[in-house]
Amino acid sequence: MRRIITSVILAMLASGCVFADTAKLGVLVLDEVTGLPVEGAKVRGGFKVRARSWAAVKCSPLANECFRFTDKNGRCSVEGETNCGEAGAAVEEAPKGYYCPSYGQGYDFKTKNMLGIWQPDNLVVTVRLQRVEHPIPLFVKRVGKVLPGHAKDIFPDGKDTLQFDMMKGEYLPPVGKGEVADVEFRRLPREELGEGVNFGGDKGCAYRDSMEVRFLGEGNGLVEMSYPETARLKIRTAPETGYKQGYLCWDGVSKQLRDETSYDEGRCFCFRIRTLKNEKGEMVEAYYGKIYRDISFSGDYDKEPIAPVSAVNFLYYLNPTSLDRNLEWNNQNLCKEPIYPRPDCRNLEMEYKSFNRNLKP
């Protein structure tokens, strides 16, 4: 009997069963609104393998992948080998009528049992899918750079304001061919905050550069929106109220000599322009849109003197139908300019990087 047991153990060792470093995850996919299970969702399990010794310098982390489809109960399970315990699951392809989430959920396992299974082995990742309801063509325009950076000063000579026509996607003259000033960008003088000192005792100047964003006309403005972290469609419908005309963007160096900024890539807004009311105070005309990834500015540091606020950066969607608050985009762009990278389109490479950065215990 001892010989049989020994043979079994040796066989398990030879096959890698004992030290297979296997991670297991259950997945449950639900309809975001009804909470009912979603069948037929293609799920990807990702299991990271870190290169050892010298190979770790030359090679990026590898990943074992496992693909499964959810059953009628909205469930499936994925598993794969990982030598560092980093694993996760995401919906790779949603069934017809649903949006794919932006990314999935990860786990960083710490312990294994005697069979080499990362613990706990009964975790369930719950994914809620958004329904496709009423997508429509929208005017989509990327103004300036994708992210804050260096840019040539586009403010008119001797002027500190720019005005922008959201319908035409153009600045007003002399910068562009816009006709109606929907929003105004005003650069403010640099605010000197005095001498700063970092933790190492180094000294330097603390300051702040700012740009005021102001939507023109009564009833117009923007409102910051919240959305689920994994949402593919961040904003479906613009709200009826809550719009404020002003917003301040800023960037600078703190008293601790740390770079600080108001820019938040996860921040989104809805906006309203060209509001008209009748004699009863009822709204008879207005146009709604949304802004993804905040509003920011770039600086021109080749200019003398330098212009820390020299150009504006933002991405917006606009519904050209008056009083229609629907902002669900069907990927048909009413602006004839190409948008790259395409907003709201899935970039799997970037998502997998984000997926591995955002592991949740």
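The exercises below walk through a predicted model, and each is followed by a worked solution.

**Exercise 1. Find which strands make up the open sheet, in what order they lie, and which of them are the edge strands.**

Begin with the order of the strands: six strands form this open sheet, running β16-β19-β20-β21-β10-β22, and their pairing is mixed. Next, look for strands that pair on one side only, which identifies β16 (221–225) and β22 (329–333) as the edge strands. The angle between neighbours can then be added, for neighbouring strands of this sheet are turned by 35° against each other on average, with direction ignored. Finally, take one pairing inside the sheet: strand β10 (residues 136–143) and strand β21 (residues 307–318) are antiparallel and share five bridges. Within that pairing, Val-143 has Phe-314 in β21 as its bridge partner.

**Exercise 2. Follow β14, β15, β17 and β18 through their pairings, and state which residue in each hairpin has a positive phi.**

The path starts at strand β14 (residues 191–197), which is joined by six bridges to the antiparallel strand β15 (residues 203–215). Here Glu-191 stands opposite Arg-208 in β15. These two strands form a hairpin with five residues between them, and in this hairpin Gly-201 takes a positive phi near 90°.

The next step leads from β15 to β17, an antiparallel pairing over eight bridges, in which Glu-212 has Leu-248 in β17 as its bridge partner. From β17 the path goes on to strand β18 (residues 259–261), to which β17 is joined by three bridges, again running antiparallel. Asp-251 has its bridge partner in β18, namely Thr-261. The strands β17 and β18 also form a hairpin with five residues between them, where Leu-257 in the turn has a positive phi of about 60°.

**Exercise 3. Classify the aromatic pair of Tyr-247 and Phe-269, and explain which parts of the chain the pair ties together.**

The count of aromatic pairs in the model comes to 13. For Tyr-247 and Phe-269, the ring centres are 4.9 Å apart and the planes stand at 70° to each other. Because centres within 6.5 Å count as a pair and planes over 60 degrees apart count as edge-to-face, these two values settle the class: the pair of Tyr-247 and Phe-269 is edge-to-face. Tyr-247 belongs to strand β17 (residues 246–253) and Phe-269 to strand β19 (residues 268–277), so the pair ties together parts that are 22 residues apart in sequence. Both Tyr-247 and Phe-269 are buried.

As a further step, locate the cluster of rings that is linked by such pairs: its members are Phe-139, Phe-164, Tyr-171, Phe-185, Phe-215, Phe-271, Phe-314 and Tyr-316.

**Exercise 4. Describe the surroundings of Arg-187, naming its salt-bridge partner, the ring under its charged end and the network it joins.**

Of salt bridges, the structure holds 19. One of them is formed by Asp-153 and Arg-187, whose closest N and O atoms are 3.2 Å apart. Asp-153 lies in the loop between β10 and β11 (161–165), whereas Arg-187 lies in strand β13 (residues 183–187), so this bridge ties together parts that are 34 residues apart in sequence. Asp-153 and Arg-187 are both buried. Shared partners extend the picture, since salt bridges join Asp-153, Asp-160, Arg-187 and Lys-303 into one network. Lastly, the charged end of Arg-187 sits over the ring of Phe-155, at 4.2 Å from its centre.

**Exercise 5. Identify two contacts of Lys-42, one with Glu-93 and one with Phe-67.**

With Glu-93, Lys-42 forms a salt bridge in which the closest N and O atoms are 4.0 Å apart. Glu-93 lies in strand β5 and Lys-42 in strand β2 (residues 42–49), so the bridge connects parts that are 51 residues apart in sequence. Glu-93 counts as partly exposed, because its relative accessibility is 44%. The other contact is with a ring: Lys-42 lies over the face of Phe-67, 5.0 Å from the ring centre.

**Exercise 6. Is Ser-102 buried or exposed, and which backbone oxygen does its side chain reach?**

First place the residue: Ser-102 is in the loop between β5 (86–93) and β6 (105–108). Ser-102 counts as buried because its relative accessibility is 11%. Its side chain reaches the backbone oxygen of Ala-231 at 2.9 Å.

Notes. Residues numbered from 1 in each chain as written. Predicted model: local features only at pLDDT ≥ 70, side-chain atom pairs only at ≥ 80, totals over all residues. Heavy atoms only, no water. Phe/Tyr/Trp six-rings, centres within 6.5 Å; stacked < 30°, edge-to-face > 60°. Helix = DSSP H or I, 4+ residues; strand = E, 2+ residues; numbered from the N terminus. Buried < 20%, exposed > 50% of the residue type's maximum accessible area, 1.4 Å probe, protein only. Lys NZ or Arg CZ within 6 Å of the ring centre and 35° of its normal. Polar contact = N/O pair within 3.5 Å; in protein donor to acceptor, adjacent residues only side chain to side chain. Pairing = 2+ DSSP bridges. Axes fitted to C-alpha atoms, helices over the stretch in contact; angles between N-to-C directions. Salt bridge = Lys/Arg side-chain N within 4 Å of Asp/Glu carboxyl O.
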